[in-house]
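New to this one? Here is a quick walk through some of its strands and helices, piece by piece.

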Amino acid sequence: MDHTLEKAYQTFGHRSNFRGVDIGYRWRRGQRTEDICLRMHVLRKLPLDALLPSQVLPTHVDGVALDVIEASYQPSLEPGAARRASTRQPYTMGGLPCGRSGEGAGTIGLVVIDKTTGKPGILSNWHVLAGPWARHNDPIMQLAERDDEFDPRNHIANLKRWMLDRSGDAALAELLPDQPWLPLQFGGFESISQVRSASLGEILNKTSRAANNGQARVDGRGLYRLQYKTRQGTLEYRDIEGLNLVYEGDIPVSDGKVSCAGDSGAAWISAASGDAVALQIGRQSASPNGASRTGQGVIACEMGPILNKLELRLASYEDLLAQNGQSAVLTHRQKTCADLSYHSDEALPSPLWPHPRHWADVSLSQPQNLPRPDRTETTTSAAQVVAMVRILPNDHVPVLPHREPASPRSVIGHEIWQNRLCPALLDYDPNFRGVLPEETLTQRISAADERNIYAFFSRLINGSARFDGIGLRHVLASDFRGATTYMQICERIDTLRPQP
């Protein structure tokens with residue numbers, strides 16, 4: 001039936017009335033039957049005498065019965081002006097409200113671990129955490145009181161990566177180092193340990209801050225069309241693979257509704273196994289002629305493809321204990337799970353929906369063998385050296401070399417160290433805390449090839465705003481060849497600046 005579904009999508013997906021196609025239960029007179037069929041979701045069902053012959057849908061596609069459902073779907077984001085007041089929670093966890101300052105409220109789906117860095121973050125929708133104005137490292141708020149202004153007490157995370165394509169609508173924000181969190185779901189306080197695909201007919205629980213945390217049945221799975229604001233003044237339809245969840249009368253739910261504004265990003269958990277199944281992206285809009293089904297429909301994308309594409313995994317108590325330990329040192333198991341050397345080759349992202357990395361890694365995708373105005377580069381550049389470095393935990397006592405009397409060059413180097421390089425290193429990784437300028441580079445940074453260490457410093461310096469305003473041009477990995485301490489890196493930086 002998957003082949004039949006794709007054929008129906010290719011045949012009828014161009015119609016303006018089209019709102020989705022899936023495989024699910026047949027409905028008759030507002031009641032679900034046990035028959036499984038191919039289903040076409042349309043904005044409005046019209047009588048046959050109001051349609052042209054070419055607009056009439058067939059009764060079967062490749063021998064599979066076709067049913068028609070009147071429904072349309074929209075992202076379930078709560079406008080900022082209508083945000084409900086709620087109590088500020090001391091810990092970040094799944095199910096709490098989140099969003100961008102002044103741009104509406106959604107829900108934290110899960111607390112996750114970024115496999116590229118090993119750091120904790122929150123998972124929600126693209127239209128909740130990013131939206132058309134998103135920039136890398138934008139502040140993300142855990143929303144509380146009824147206000148739309150930036151409140152530093154609500155700032156919990158920074159935006160890192162996002163996706164809005166056929167696989168799903170999702171985004172990752174990395175939690176601030178001092179933001180307390182728990183690997184739980186708010187309300188029921190369940191700890192999620194596994195992700196799996198959904199089955200037709202199974203019951204799922206929603207976890208969000210809303211009072212009507214009810215249940216819904218997986219009514220269908222396929223492709224659904226939702227309208228997004230993709231840029232200023234532009235609305236576009238996007239077709240997303242996912243699940244159609246429907247509240248039914250035999251499933252208890254508060255107020256007769258399974259979803260409300262602000263539920264975008266909420267996680268749907270299996271009622272039987274407690275596994276994470278899906279991430280809500282939208283809900284059914286009001287139908288002018290009345291819904292074809294009882295209750296209210298919800299659209300959610302499956303959790304597995306999202307975690308795989310964004311390179312995430314579920315957070316656990318082991319991760320929490322490791323972060324709360326001295327220097328936030330990762331365990332051996334976490335290092336195995338998280339590819340800290342992150343050097344996978346990936347396809348170039350769509351220009352509309354970029355997939356950013358850490359700012360210090362952005363230059364990997366940019367040419368770095370550009371000559372400086374006063375010389376040419378003839379050696380291996382940073383772009384030709386794959387960055388395979390590991391930042392070591394700072395649980396050792398540095399062995400410092402004998403210090404020579406300070407020279408004028410050393411005085412300048414210390415200024416660069418205190419105001420530029422040391423803050424940039426701490427921005428990149430907290431394990432640089434306590435680093436001293438006389439330390440050898442290899443006491444904090446491990447690499448199979450020392451050229452990778454020099455490439456790391458060139459990307460760090462070129463990408464960090466800490467080095468703005470000192471006249472420093474684009475630096476190359478070869479500029480630091482032979483340097484063994486952080487102070488020598490600082491002195492090289494000073495020599496690369498325009499001299500008075």
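Let's start with asparagine 205, whose bridge partner in β16 is glutamine 215. Strand β15 (residues 203-207) is joined to β16 by three bridges, and the two run antiparallel. Asparagine 205 also stands opposite isoleucine 269 in β18. That pairing, between β15 and strand β18 (residues 267-270), is antiparallel too and counts four bridges. Keep in mind that this is a predicted model.

Here are three of the strand pairings side by side:

| Strand pair | Bridges | Sense | A bridge pair or facing pair |
|---|---|---|---|
| β15 and β16 | three bridges | antiparallel | asparagine 205 and glutamine 215 |
| β15 and β18 | four bridges | antiparallel | asparagine 205 and isoleucine 269 |
| β11 and β12 | three bridges | antiparallel | proline 139 and asparagine 158 |

Now zoom out for a moment. The protein chain has eight helices and 23 strands. Of its 500 residues, 52% are buried. Among contacts with a separation of 6 or more, 70% are between residues 24 or more positions apart.

The last row of the table leads to an open sheet. Its six strands come in the order β11-β12-β13-β10-β9-β21, with antiparallel pairing. Why is one side of β11 and of β21 left without a neighbour in the sheet? β11 (139-141) and β21 (312-314) stand at the edges and have a single partner strand each, so one side of each has no neighbour there. On average, neighbouring strands of this sheet are turned by 45° against each other, direction ignored. At the β11 edge, the partner is strand β12 (residues 155-165), paired over three bridges, and proline 139 has asparagine 158 of β12 as its bridge partner.

A helix sits on this sheet as well. Helix α3 (residues 303-310) packs on it and touches β9 (110-114), β10 (120-124), β12, β13 (168-175) and β21. The direction of α3 makes about 105° with that of β12. One residue to look at in helix α3 is lysine 309. Lysine 309 has a relative accessible area of 39%, so it counts as partly exposed. The C-alpha atoms of lysine 309 and alanine 170 are separated by 9.8 Å, although the two residues are 139 residues apart along the chain.

Next, go to helix α1 (residues 2-12). Which of its residues are buried? They are Thr4, Leu5, Ala8, Tyr9 and Phe12. Looking down the axis of α1, you find these buried residues within an arc of 140°, so they line one face of the helix. Asp2, His3 and Gln10, on the other side of α1, are exposed. The cover over the buried residues of α1 includes β1 (18-28), β2 (31-42), β3 (60-61), β4 (64-70), β16 (215-231) and β17 (234-246). So β16 turns up twice in this tour: here as part of that cover, and earlier as a partner of β15.

Finally, there's α7, which is mostly covered: ten of its 14 residues are buried. Among them are Tyr454, Phe456, Phe457 and Arg459. From its first C-alpha to its last, α7 reaches 20 Å, close to the 20 Å expected at 1.5 Å a residue.

Serine 464 lies in the loop between α7 (450-463) and α8 (486-496). Is serine 464 buried or exposed? With a relative accessible area of 5%, serine 464 is buried, as the cut-off for that is under 20%. Its side chain reaches the backbone nitrogen of arginine 466 at 3.1 Å.

Key:
Residues numbered from 1 in each chain as written. Predicted model: local features only at pLDDT ≥ 70, side-chain atom pairs only at ≥ 80, totals over all residues. Heavy atoms only, no water. Buried < 20%, exposed > 50% of the residue type's maximum accessible area, 1.4 Å probe, protein only. Polar contact = N/O pair within 3.5 Å; in protein donor to acceptor, adjacent residues only side chain to side chain. Arc of directions from axis to C-beta. Contact = heavy atoms within 4.5 Å. Expected span 1.5 Å × (residues − 1). Pairing = 2+ DSSP bridges. Axes fitted to C-alpha atoms, helices over the stretch in contact; angles between N-to-C directions.
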